[in-house]
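Me: Please take me through one small part of this protein in detail, and then show me what surrounds it. I am new to this, so explain each term when you use it.

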Amino acid sequence: MEDSNLRIPGPVPLPKETLEIMSRQMINHRGHEYAMMLEEMSSNLKSVLMTKSDVYFITASGTGAMESAIVNTTSPGDNILSISIGWFGQRFGDISDAYGCKTTRLEFESGEPADPEKVKKEILKNNNYKAVLITHNESSSGVRNPLREICEVIKNNSNALILVDAVSSAAGTRISTDGWGIDIVATASQKSWIAPPGIAMISFSEKAWKAYESSSSPKYYYDVKQYKDYLEIGQPPFTPALTTMFALQYSLNRMIEEGIENIFEKHSEIAKFTRTKANDIGLQILPKEEFASDTVTAIKLPENIDGKKLVNEIKENYNIVLGGGQQKLAGKIVRIGHMGWVEKKDIEDSINALKETLGKRN
Ligand code: PMP
């Protein structure tokens, strides 16, 4: 069967070279070859995340990176502020709850970004937050939060750690980890990193290490100290998803070659292209232009259209896989992913399929 045009916000399609690399034979993860690979990948990951802090590769999906952020810096009973603009924002707060933190939820409407002024107000009202949790790019609504401004407000008004879910933003959207004062960035291989699922990545600041010292949350597999100690001898603490590591090593090298600024620009351009094409067929974008995501576009559907059926029909008739809406947005939007390896034609085909399928309903 022919491959689908996979236009969901991750996992992303992989180029032929990556697929070939994924057929490589296994290696000893406690041997010299792995140590060299890990060193090179760590250095490249730091460049993409714009950080001098420690970075770690963890065999897990993105949620594992989010859980790592919580368990390594908090203790049960800590006050945590969870800023949520959608499904994944809620998940971050849920993890905080699961580890016994006192989670205060600051929630914004679907399709809206977080308002830095409201964040400031909340922080000033209760200035003993241990950490603030925030999603950079909310994949469920196609909204990119004004992260830089929000980090500024947090830093200027509190001593809280800043823990960022950058699962669907990093490597596609600028995230200046050190420049913006972010303590932990959590991301995952199957997104703009152009690799299969299986590897979560985190950055871990000095301040996060200080918090680690007093953190009493239960942890074992995600205990970052194990990753740190093993990294010093060029090893992972546990058997890694080697195939995903091979693919990720390749794409990290390509990213450095291409230049990270060029990659951000490319994402921004294809996102604009997607919005323009959607507008051209009379559809509206869910978020306002300035908060529209560079990696996934959420398109509003006319009231009389059932989004779930539409997505199924487009898969059936065109072999194009679009994302549907989740929770409150179920049936009301379609989402087109455009992170990583994507051509204008992939977007044009998706919009044409949308146009033709919607046209049949009129
Ligand atoms: N956060 C965001 C913003 C995401 O887009 C996703 C994945 N869609 C996750 C978290 C969870 O990642 P995973 O499914 O890899 O655990």
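Reply: S75 sits in the loop that runs between helix 3 and strand 3 (79-84), where helices (H or I, at least four residues) and strands (E, at least two) are DSSP runs numbered from the N terminus. The model is a predicted one, in which local features need pLDDT of at least 70 and side-chain atom pairs count only at pLDDT 80 or more, while totals for chains, interfaces and linings use all residues. Residues are numbered from 1 along each chain as its sequence is written, and side-chain values use heavy atoms, with hydrogens and water left out.

S75 has a relative accessible area of 10%, so S75 counts as buried (under 20%, with over 50% called exposed and the range in between partly exposed, using a 1.4 Å probe and protein chains only). Leaving aside residues up to four places away in sequence, S75 touches C101, S214, S215, S216 and S217, a contact being heavy atoms within 4.5 Å. With S214 there is also a polar contact, since a polar atom of the S75 side chain lies 3.3 Å from the backbone oxygen of S214; the term covers N or O pairs within 3.5 Å, and within protein one atom must be able to donate a hydrogen and the other to accept it, while residues adjacent in sequence count only if both atoms are side-chain atoms.

Helix 3, on one side of this loop, leads on to the ligand. The largest share of the shell around the ligand, 3 residues, comes from helix 3, and helix 3 (62-71) and helix 4 (87-98) each supply at least two residues of that shell. Fourteen residues are not all equally close: of the 14 around the ligand, S61, T63, S139, D165 and K191 come nearest, where being near requires a heavy atom within 4 Å. A polar backbone atom of G62 is 2.7 Å from an oxygen atom of the ligand, and a polar side-chain atom of S139 is 2.4 Å from a ligand oxygen. A nitrogen atom of the ligand lies 2.6 Å from an N or O atom in the D165 side chain.

For the wider setting, the protein is divided into domain 1 (5-12 + 260-361) and domain 2 (16-257), with bounds from an automatic or database domain assignment. The domain centres, taken over C-alpha atoms, are 26 Å apart, and the contact takes 28 residues from domain 1 and 28 residues from domain 2.
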